[in-house]
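Reader: I'm new to this one and would like a close look at a single part. Could you walk me through the place where the ligand sits?

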Amino acid sequence: MASTHIAGPYTRVAGLGRAVPDRVLTNADLERMVDTTDQWIVERTGIRERRILPEGQATSDLAAAAARSACQQAELPVTQLDALIVATITPDTQAPATAVYVQQKLGLSQIPAFDIAAACAGFVYGLGIADAMLQSGRYKCVLVVGAEILSRITDWTDRTTCVLFGDGAGAAVLTRAEAGQGQRLIDVSLGADGAHAAQLEIPGGGSREPTTQTTVEQRRHVVRMNGRQVFTQAVKNMSAAAATVLERNGRTTADVDVVFAHQANLRIIEGISQRTGIPLERFFNNIEKYGNTSSASVPIAMSEAVEQGRLKRGDLALLTALGAGVAWGSALIEW
Ligand code: UT7
């Protein structure tokens, strides 16, 4: 499609990176853990395997690895970063922010480092925040990481959730660039609807239900989800957010070359394809290999798509994600 020429500085996605653990947990492994089958998982979700981080490592380890790989692709030393945002719902600790551990692992100090909790929409939220920071002129190079160790908040006795999640991290280096360099972040549209908060939550461990022996015994520290309701919300809101960001930038679904939808369930992605009219072939999917990695899923997919030549210079990429909250976000990037 024709490129849009804009004058003046814009937000550029200068590099992407990812990090996933080596250990693979297959559907066959899960068949030995809970009452499920490979056939059910593949037919209902599209997932075949997911990655699991070994004990002793934490979210910041994967986040730092993804961050280094994004900086390498951007051909920028990590010392050029002037802010660090980590999107996660599985922080290393309750406090401080995981971003400060990432800062340390990258050998940095002084630059602002903070977390955002927008669940599976976290990376897209991070893009929106970083874009505003760069457009303010006060920052020149901001790193956004989506990193999750969901295996640590998964109830491994609950077949309705444990087959879905995996661990991973994806990162993007965003810079303030001059027109004509490509990879232009055109726009980010964000939203949330707290009326659906109870559909997907980890109820224990916060200020409402501090950790006690009872909360532990009642398994209040793991993910609880009303799958069917979240499914409906996901198809509806990811499609609507995609339509909003296209419309307000004068684009149509026909202009979109590649879609990066949050990898939660292949049937949700099929639903978005049907609702938006964007053919399924234009969606880049890797859910079969990683399952749902929450905030990491979109940047991991984008990083793989660039490597595989699926996301090319001049392509219009549409990002769309939804998660707990429910919170959602869509973005447009002219690669
Ligand atoms: O990251 C963003 C947030 N998460 C999502 O977007 C996930 C959204 N939800 C989903 O992806 C789907 O709702 C699930 C994959 C979680 C469930 O799929 P579903 O087609 O909505 O299944 P269901 O909950 O309607 O359950 C159908 C049946 C039930 O049995 P009965 O009551 O019909 O006898 C479940 O007990 O499937 C059963 N079931 C399973 N059977 C075998 C649920 N999980 C499993 C399982 N293996 N792992």
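Author: Here is a walk around the ligand, followed by a look at two residues.

Keep in mind that this is a predicted model. Let's start with the shell: 23 residues surround the ligand. The closest of them are Thr 36, Arg 228, Asn 265, Arg 267 and Asn 292. If you sort the shell by character, you get 11 nonpolar residues, seven polar ones and five charged ones.

Where does the shell come from? Four helices each supply at least two of its residues: H2 (38-45), H6 (159-162), H8 (227-247) and H9 (266-276). H8 gives the largest share, with four residues.

Now for the polar contacts. A ligand nitrogen lies 2.6 Å from an N or O atom in the side chain of Thr 36. On the side chain of Arg 44, an N or O atom is 2.8 Å from an oxygen of the ligand. The backbone joins in too, as a polar backbone atom of Gly 227 is 3.0 Å from a nitrogen of the ligand. As for cover, the ligand on its own has 950 Å² of accessible area, and the protein covers 77% of that.

Next, pick out Arg 228, one of the closest residues to the ligand. You'll find Arg 228 in helix H8. Is Arg 228 buried or exposed? Its relative accessibility is 75%, and exposed means over 50%, so Arg 228 counts as exposed. That value takes only the protein chains as cover, so the ligand next to Arg 228 does not enter into it. Arg 228 also has a distant partner in sequence to compare with: Gln 199 is 29 residues away along the chain, and the two C-alpha atoms are 9.3 Å apart in space.

Gln 263 makes a good contrast. Gln 263 belongs to the loop between strand S11 (258-261) and helix H9, and H9 is one of the helices that supply the shell. With a relative accessible area of 1%, Gln 263 falls under the 20% limit and therefore counts as buried.

What does the side chain of Gln 263 reach? One polar atom of this side chain lies 2.8 Å from the backbone oxygen of Ala 261. There is also a polar side-chain atom of Gln 263 at 3.0 Å from the backbone nitrogen of Ile 287. Leaving out residues up to four places away in sequence, Gln 263 touches Ile 269, Phe 284, Asn 285, Asn 286, Ile 287, Gly 291, Asn 292 and Ser 297. Asn 292 in that list brings us back to the ligand, since Asn 292 is among the closest residues of the shell.

Note on methods: Residues numbered from 1 in each chain as written. Predicted model: local features only at pLDDT ≥ 70, side-chain atom pairs only at ≥ 80, totals over all residues. Heavy atoms only, no water. Near = heavy atom within 4 Å. Polar contact = N/O pair within 3.5 Å; in protein donor to acceptor, adjacent residues only side chain to side chain. Areas by Shrake-Rupley, 256 points an atom, 1.4 Å probe, with all protein chains shown as cover. Nonpolar A, V, L, I, M, F, W, Y, C, P; charged D, E, K, R; others polar. Buried < 20%, exposed > 50% of the residue type's maximum accessible area, 1.4 Å probe, protein only. Contact = heavy atoms within 4.5 Å.
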